[in-house]
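Let us read a protein model together, one feature at a time. Have the viewer open and follow along.

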Amino acid sequence: MSLFITFEGPEGSGKSTQARILYETLQAQGYPVILTREPGGTRIGEWIRQILVDLRHTEMSPATEVLLFSAARAQLVNELIGPYLAEGGIVLCDRYADSTYAYQGYGLNHNLDDLHTITAFATGGLMPDLTIYLDIDAERGLERKRQARPAPSPLAPHLAALQESRPPTYGKPEWNRLDARELSYHQRVADGFRKLMLREPERWRRMDAERSIEELAHLIVEAVAPLLERVQQYNPPPNQSLPDAAHE
Ligand code: TYD
């Protein structure tokens, strides 16, 4: 058996930090685990991400946006998530299909049934076993993200030129085309996430993102613990060492 866990939340909710902490915790416990993100996570997906977040792409049509997110997702499921789950591992993903329902569905008013159809085509119907939702007021989250934004670098034009020819790498929080949308959009997204949780309460765990990083990390480990028995560890942990041969 395998385990697929996703992290969702509005901008500035701290989900990427928590995804990384859980990844490090599970890895230290000897679990086969990978951490990836959307949009991105593959070479092709990171290119698509670059197109999606580019502040210059103001002319992008809403349908193009949906299809690009879905294309990146299709590549990620096919290339990484699907094969790793098939091996019995744990996949942690920073955002997944619920973001499309919240951002493009509730945020941009796309028909949710259409989005389900496109998502099922892209993913083969793969849905997470557990989704951690870090809840924060949309305005407060945007403020936190603005504060975390790196100061513009004098090298910016040079770096932008490099990005023309190279896929980007993971970096500091970026202020992107989607963040730049008006507050009412982000409020619709946050409301959308709450509606999604109400539809499938057993899959979601909502947590208050204003709690400390340590407290949240602890709550997340607690939420994940009951599901871990379906995954085989690489090494038995110290308290489950093999029986002493002399007693056999
Ligand atoms: P992400 O890297 O999670 O941004 P952050 O960590 O800065 O919150 O996601 C990039 C942006 O893409 C973010 O604004 C949310 C948006 N997004 C969608 O609109 N639809 C989607 O399906 C996904 C996966 C992300």
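What follows is a short dialogue between a learner and a teacher.

Q: What should I know about the model before I start?
A: This is a predicted model, so to speak of a local feature a pLDDT of at least 70 is needed, side-chain atom pairs count only at pLDDT 80 or more, and totals for chains, interfaces and linings use all residues. Residues are numbered from 1 along each chain as its sequence is written, and side-chain values use heavy atoms, with hydrogens and water left out.

Q: Which residues come nearest to the ligand?
A: A residue is near a molecule or strand if one of its heavy atoms lies within 4 Å of it. Here 15 residues surround the ligand, and Arg49, Arg95, Thr100, Gln104 and Lys145 come nearest. By class the shell has three nonpolar, four polar and eight charged residues; Ala, Val, Leu, Ile, Met, Phe, Trp, Tyr, Cys and Pro count as nonpolar, Asp, Glu, Lys and Arg as charged, and the others, Gly among them, as polar.

Q: Which helix gives the most to that shell?
A: Helices (H or I, at least four residues) and strands (E, at least two) are DSSP runs, numbered from the N terminus. Helix 4 gives the most, with four residues. Helix 1 (15–28), helix 3 (62–86) and helix 4 (97–107) each supply at least two.

Q: How do I read the polar contacts of the ligand?
A: Look for a pair of N or O atoms within 3.5 Å. An oxygen atom of the ligand is 2.7 Å from an N or O atom in the side chain of Arg49, and for the side chain of Glu11 the distance is 2.9 Å. A polar side-chain atom of Thr100 lies 2.5 Å from a ligand oxygen. Taken alone the ligand exposes 540 Å², of which the protein buries 94% (Shrake-Rupley method, 1.4 Å probe).

Q: What is the strand order of the sheet?
A: Two strands pair if DSSP finds at least two bridges between them. This open sheet of five strands has the order 2-3-1-4-5, with parallel pairing. Strand 2 (33–37) and strand 5 (204–208) stand at the edges with a single partner strand each, so one side of each is left without a neighbour in the sheet. Strand 1 (residues 3–8) and strand 4 (residues 130–135) pair over four bridges, and Glu8 has Tyr133 in strand 4 as its bridge partner.

Q: Where should I look for unusual backbone geometry?
A: Try the loops. A cis peptide bond, with omega about -15°, joins Glu38 and Pro39, and Pro39 sits in the loop between strand 2 and helix 2 (43–53). Arg95, in the loop between strand 3 and helix 4, has a positive phi of about 75° although it is not a glycine.

Note on methods:
Polar contact = N/O pair within 3.5 Å; in protein donor to acceptor, adjacent residues only side chain to side chain.
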